[in-house]
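Please open the structure in your viewer and keep the selection tool at hand. The tour below goes from one selection to the next and says what is to be found at each stop.

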Amino acid sequence: MVMKRIFLFFVSIALSGCQKDFLNKGPLTNLSEESYWTQGSDAEYAVNGLYEAFYELDGGGEFTPGGAPYMDLCTDLMYLKAPWEFGFNDFNTGSLTADNGWLANFWKKKYQYIRNCNFFFENVDKVKDQLSAEQYNDLSGQARVVRAFLYLRLVQGFGDVPLITQTLSADEWPARTSAEEVLDFVISELAKAAEELPEDQSDGAHGRIYKYVALAYEARAALHYAGFYDKPAYYQVAADALAAIVNSGKFELFRKVEDPTDNFTQIFWAENEGADNKEIIFSDQYIKDLRPSNISTSFAGPGWKGQQAQQNYIDMFEDKAGWQAHGISFREMNSYRNTKTLKSPLLGKSDTYDPKNEFKDRDPRLNATFFNPNIYQDANGVLQKRGEDWAPANRNFAPDWENDCYFFKKLVDPTNFNPVYYYGNSDNNFPLVRYADMLLLYAEALNELGRAADAVTYVNMVRNRVDMPTIVVTDKEDMREIIKHERKIELIAEQVLVWDYKRWREYARTMPNGVEFYGFRRETYGQASILLQRKFITNKYYLWPIPAVELRNNQNMVQNNGW
């Protein structure tokens with residue numbers, strides 16, 4: 001079994017403390033400076049405790065163990081069967097307020113770990129003489145990436161936020177810092193970390209921060225800066241960081257088995273988490289029984305299947321000939337479509353498309369991402385769903401009787417169901433940085449720099465891995481739409497699309513206020529599609545409200561416009 005990064009929970013707890021106000025309290029409540037910062041290993045333990053900051057799975061709104069990746073529900077692609085599972089679902093219903101508990105926990109956890117990072121930097125020099133220069137730089141670089149990541153998330157969510165780089169006393173109440181200043185700090189810190197960190201990862205399961213993790217987050221920060229804040233110069237910053245990743249020779253797209261559907265599915269299996277999987281650059285680590293993952297149960301467990309795809313997302317998957325072969329517009333398909341009134345774009349254009357067999361001859365990522373419900377109409381006219389027999393798990397996966405949409409296979413580990421069903425107890429890791437994502441971001445940065453002819457190379461690398469036809473394009477606007485399409489198809493449920501939609505400012509185009517989303521197209525069988533949800537999202541949702549508890553506690557805090 002490949003080595004897993006071991007979480008030192010006692011250190012994480014000690015560093016976290018128990019204060020309710022995470023902006024203004026000191027960090028250690030259980031360990032004094034004198035008793036803790038005495039040996040070099042203390043610095044390593046402190047950094048290990050910071051890794052929990054990357055955990056962003058929702059466990060009832062508290063980011064507690066047993067969560068699942070719900071954030072991409074904040075796009076037009078997915079539906080949540082059980083709204084109580086996701087504490088931020090008010091985003092989708094138009095009922096979001098500053099009193100939302102999920103928002104308060106998001107803010108609180110970020111600043112909790114920022115405080116821990118700041119405390120590390122204030123104390124690590126006490127044991128510097130017990131560390132080699134390489135160890136000191138490595139640990140400092142890891143902590144620097146964690147802190148920069150946290151600030152990136154805060155800016156992506158709220159815009160202007162307090163920039164705090166030292167622990168605060170109880171009587172200090174910080175005001176918000178401009179998002180531009182925070183992003184400048186983030187990018188400079190990540191660039192510095194990339195110089196401090198080693199070239200190679202120190203574990204065999206992609207659980208440690210190293211140089212290329214810093215570069216990945218630098219690129220993400222620069223792209224958010226360039227897109228959301230209209231700072232096009234930062235596309236070059238992103239391109240430079242991504243070029244270092246792509247040209248390093250250390251990463252490649254996962255290719256283990258010949259069948260493209262099976263190959264894509266297996267990227268995320270526990271058995272493929274070792275050093276041989278050169279596509280995964282960084283992942284959040286799970287260990288059965290000790291720190292298990294609940295994703296397999298949440299996505300495909302009996303009675304669960306909480307997150308599902310609506311018909312509009314299924315329509316986005318090309319057939320194997322590709323949309324360009326049929327003259328289908330990527331721009332049109334990236335926009336809102338009412339699937340109750342509009343037929344599949346492939347109908348009448350693709351000779352192989354079968355509206356009664358949606359998974360036939362489609363982009364292999366469709367059946368790698370979702371189980372085939374195998375819908376049919378019985379003799380009484382009732383629609384039945386026999387589901388898919390999935391050999392790796394040795395069982396059938398069929399939709400629950402009330403489901404009218406498509407549930408996930410991606411990120412589901414078959415060992416969670418085979419030989420028996422291990423409820424909420426699988427140990428496949430969750431990808432935080434994946435090479436396919438980096439290739440598509442590189443293509444995006446190059447395209448925005450006017451280099452569409454270069455960008456298409458990296459899009460085609462991702463497409464060719466799943467045997468999809470090569471894209472031919474030279475126009476910048478067309479290339480932009482193709483990149484958006486590829487990111488939607490390749491990266492669903494990895495919690496990157498939620499941030500893509502923000503920096504692309506896609507809400508009005510993909511989720512116009514009040515629009516309807518439907519389950520599978522029942523019109524094919526002479527029935528009416530069932531309404532799954534209406535979304536009520538306006539432009540003010542691009543920046544979330546500052547949590548009300550922060551406004552009450554801090555007289556220097558001001559609210560975002562519209563909230």
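A nonpolar core, as the term is used here, is a set of buried Ala, Val, Leu, Ile, Met, Phe, Trp, Tyr and Cys residues that are joined through side-chain atoms within 4.5 Å. Keep in mind throughout that this is a predicted model. The largest nonpolar core has 176 residues, and those that touch the most other members are Tyr151, Tyr217, Ile245, Ile281, Phe370 and Trp544, which you can select as a starting set.

Begin with Ile245, and then widen the selection to helix H9, which covers residues 234-246. This helix has 13 residues and reaches 18 Å from its first C-alpha to its last, close to the 18 Å expected at 1.5 Å a residue. Ile245 is one of the buried residues of H9, and others include Tyr235, Leu242 and Val246. If you now show helix H8 (211-228), strand S2 (280-284), helix H15 (435-448) and helix H16 (452-465), you will see the elements against which the buried residues of H9 pack.

Next, select Phe370 from the same starting set. Leaving aside its neighbours within four places in sequence, Phe370 is in contact with ten residues if you count along this list: Ala309, Tyr313, Ile314, Phe317, Phe359, Glu388, Tyr406, Phe407, Phe408 and Lys409. Across the whole structure, a search finds 55 aromatic pairs. The ring centres of Phe370 and Phe408 are 4.8 Å apart and their planes stand at 45°, so this pair is tilted. The pair links distant parts of the chain, 38 residues apart, with Phe370 in the loop between helix H14 (365-369) and strand S4 (375-377), and Phe408 in the loop between S8 and strand S9 (430-434). Are Phe370 and Phe408 buried or exposed? Both of them are buried.

From Phe408, move to the sheet that contains strand S8, an open sheet of 3 strands in the order S1-S3-S8 with antiparallel pairing. Its edge strands, each of which pairs on one side only, are S1 (78-80) and S8 (406-407). Strand S3 (residues 307-309) is joined to S8 by 2 bridges, and Gln308 has Phe407 as its bridge partner in S8.

For another aromatic pair, select Phe264 and Phe268, whose rings meet edge-to-face at 5.9 Å centre to centre, with 75° between the planes. Both residues are buried.

Finally, select residues 93-221, which an unreviewed UniProt entry lists as "domain: SusD-like N-terminal". Over these residues the chain is 61% helix and 0% strand, and the end C-alpha atoms are 28 Å apart.

Definitions and conventions: Residues are numbered from 1 along each chain as its sequence is written. This is a predicted model: local features need pLDDT of at least 70, side-chain atom pairs count only at pLDDT 80 or more; totals for chains, interfaces and linings use all residues. Side-chain values use heavy atoms; hydrogens and water are left out. Two strands pair if DSSP finds at least two bridges between them. Helices (H or I, at least four residues) and strands (E, at least two) are DSSP runs, numbered from the N terminus. The expected span of a helix is 1.5 Å times one less than its number of residues. Buried means under 20% relative accessible area, exposed over 50%, partly exposed in between (1.4 Å probe, protein chains only). Contact means heavy atoms within 4.5 Å. UniProt positions are given in the numbering used here, feature names are shortened, and annotations may be inferred rather than shown by experiment. Rings of Phe, Tyr and Trp (its six-membered ring) pair if their centres lie within 6.5 Å; planes under 30 degrees apart count as stacked, over 60 as edge-to-face and the rest as tilted.
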